Amino acid sequence: MSDTMVKTKRTKKQQAGPYGKLGHTINELDDRLGIAKAGRTFFDKVFPDHWSFMLGEIALYSFIVLLATGVFLSLYYVPSSTLVTYHGTYLPLLGRKFSEAYESSVNLSFGVRGGLLMRQMHHWACDIFVGSIVIHMARVFFTGAFRKPRELNWTIGLTLLILAIINGFLGYSLPDDLVSGTGIRIAYSIILSIPLVGSYVASWLFGGNFPGHIILERFYILHMFVVPLIILGLVGAHMFLLVRQKHTQFPGPGRTENNVVGAPMFPIFMAKTTGYLFVITGVTALLGAFAQINPIWQFGPYDNTSVISYAVQPDWYMGFLDGALRIWPSWSFHSFGYTLPLEVFIPSVILPGIIFNICFAWPALERKFTKDNEMHNLLDRPRDRPVRTAVGSAMLSFVFMLFIASSTDVLAKYFSISLNTVLLFMRYAVPLSPVVGYVVAYYICKELQGVEHAGKRKVPNVVTRSATGEYIATPAPRRVDDVHHELAPLQVPTYVSSEEPPPSTSGVRQVDR
């Protein structure tokens, strides 16, 4: 190879700059769109380093899995109530007549390569999605991250939770099996129980009396297009507010109300969050492959003349509603030729409304009673806010006991006692559980406030026994790993320098709000 060719290649490389064709392309985009400043600001966004802040990412990435698997399922699912004769590969159902929706769901499970894996991944991702939102919202509540200026984000989070529950129910109802069909029947009864407008709404939604012939098509449109688009819009609004208001953080060295201490978006946080995406996708795939969920071929198709089988409960996020319906007394109001079924209307409409409205109103209630109108960017330790922690524990205890009440038949059979006895016990245990939860959580917080170094890393002790039988505890020697180290934060520059920035060995930066 001649020296001229080598010189020519070196010259071209030097002319292309240190980033080559990629850098040239980005420069061209920057000349037209001005993305350099916004990109630098975005890549320098600082994320506090705490494990609890990753809970929201579980919800985000499980939603991505939901979208990907949902697109695959939509290619094979047929939302139709038309009766067909089954001629598929699952022999126990061969020759039976049922809806085309159920047939396509069974064919998807046994006749499509990878179909059962995708169905189960989709179902598991839904359960993980709702569960991670609940845990994430609990973290936000107990640490006070909903306070000014983040009340709007709290409202968006609660709305996302409600939409996730609704969309989970809609998707759960689409296969038209015995369990999901019974769930639709319950939903129809709940709508009918609403005074004045219930019968009109139910008739409009179902196209007449139950079961109708268009409900699966309408559920499909809502589940596939309407609700996911609303969720996407709210997720975008949530992320925009997160970037605009910056992340909250726990108190610590160098952390104030006016800064954020943590790792920058690029490359540290981006590497961690990308790995987290792969972990969540992998775990969901493993669950879909090895943990059976919603075996519709065992339940059989829905038949409105059939009786629902024993020990069947809806997905966990609907358990509190099912439990409330089971244990509520058979109250009803009859007057002027009309019946108001209070045993359905109160537990399925009024009670969830009260629960979620309390959650929506809590930031304003706390601000009113504490007279706290300050901006808050530092989080609270739950033990330092005993009343808030006790209220949250009471609400969780109440909802959890309602969830337990959704298994009254299972509990009665397991303990070999009367179902009426279990129902009577739950009618007392459910209203008492928030009282017990409040008192226990409140006094635990008070005890922790009085304990020196509560919440700190425990000092290891060496316990020895003397010749007289006395046990003596002495502090063990401190090792390097026993001491918690905080890396020194570095100020993020507010300008774009033409020189290469000095290398940072700590990986921790500090940026003004």
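**Packing, pairing and salt bridges in the predicted model**

The buried residues of helix α8 pack against α7, α9 (198-206), α10 (215-245), α12 (296-299), α13 (319-327) and α14. In this predicted model, helix α8 spans residues 178-192, and its 15 residues reach 21 Å from the first C-alpha to the last, close to the 21 Å expected at 1.5 Å a residue. The residues of α8 that count as buried are Leu-178, Val-179, Ser-180, Gly-181, Gly-183, Ile-184, Ala-187, Tyr-188, Ile-190 and Ile-191.

The chain that contains this helix has 17 helices and ten strands. Of its 513 residues, 39% count as buried, and the accessible surface comes to about 30000 Å², with 66% of that area belonging to carbon and sulfur atoms. Among the contacts in the chain with a separation of 6 or more, 72% are accounted for by residues that stand 24 or more positions apart.

The largest nonpolar core comprises 72 residues, and those with the most contacts inside it are Phe-129, Phe-206, Ile-231 and Leu-402. When neighbours within four places in sequence are left aside, Phe-129 is in contact with Ala-59, Ser-62, Phe-63, Leu-66, Ala-164 and Ile-231. Apart from this core lies another, of eight residues, which include Tyr-86, Tyr-90, Phe-98 and Ile-296.

Within the core of eight residues, Tyr-90 can be described in further detail. Tyr-90 is placed in the loop between β2 (83-85) and β3 (97-99), and at 19% relative accessibility this residue counts as buried, because the limit for that class is under 20%. With neighbours within four places in sequence again set aside, the contacts of Tyr-90 are with Val-106, Phe-110 and Trp-297. Tyr-90 and Trp-297 are 207 residues apart in sequence, while their C-alpha atoms are 8.3 Å apart in space.

A further buried position is found in helix α7, where Asn-153 lies; its relative accessibility is 11%, and it therefore counts as buried. Leaving aside neighbours within four places in sequence, Asn-153 is in contact with His-238, Leu-241 and Leu-242.

Among the strands, β7 (residues 461-465) and β8 (residues 471-475) run antiparallel and are joined by five bridges. Thr-464 has Ile-472 in β8 as its bridge partner. The two strands, β7 and β8, form a hairpin with five residues between them, and Gly-469 in the turn has a positive phi of about 95°.

Salt bridges in the model number nine. One of these brings together the side chains of Glu-28 and Arg-32, with a distance of 2.7 Å from N to O. Because Glu-28 and Arg-32 are four residues apart in helix α2 (residues 20-33), they are separated by about one helical turn. Glu-28 counts as partly exposed at 30% relative accessibility, whereas Arg-32, at 61%, counts as exposed.

A second salt bridge is formed by Asp-380 and Arg-147, whose closest N and O atoms are 3.1 Å apart. Asp-380 lies in the loop between α14 (342-370) and α15 (386-405), and Arg-147 lies in the loop between α6 (115-143) and α7 (151-173), so the pair ties together parts that are 233 residues apart in sequence. Both Asp-380 and Arg-147 are buried.

Another salt bridge joins the side chains of Arg-367 and Glu-151, at 3.2 Å from N to O. This pair likewise links distant parts of the chain, with Arg-367 in helix α14 and Glu-151 in helix α7, 216 residues apart. Arg-367 is partly exposed, having a relative accessible area of 30%, and Glu-151, with a relative accessible area of 22%, is partly exposed as well. Salt bridges that share partners also join Arg-147, Glu-366, Asp-380, Arg-385 and Arg-388 into one network.

Definitions and conventions: Residues numbered from 1 in each chain as written. Predicted model: local features only at pLDDT ≥ 70, side-chain atom pairs only at ≥ 80, totals over all residues. Heavy atoms only, no water. Core = buried A, V, L, I, M, F, W, Y, C linked by side-chain atoms within 4.5 Å. Buried < 20%, exposed > 50% of the residue type's maximum accessible area, 1.4 Å probe, protein only. Contact = heavy atoms within 4.5 Å. Areas by Shrake-Rupley, 256 points an atom, 1.4 Å probe, with all protein chains shown as cover. Pairing = 2+ DSSP bridges. Salt bridge = Lys/Arg side-chain N within 4 Å of Asp/Glu carboxyl O. Expected span 1.5 Å × (residues − 1).
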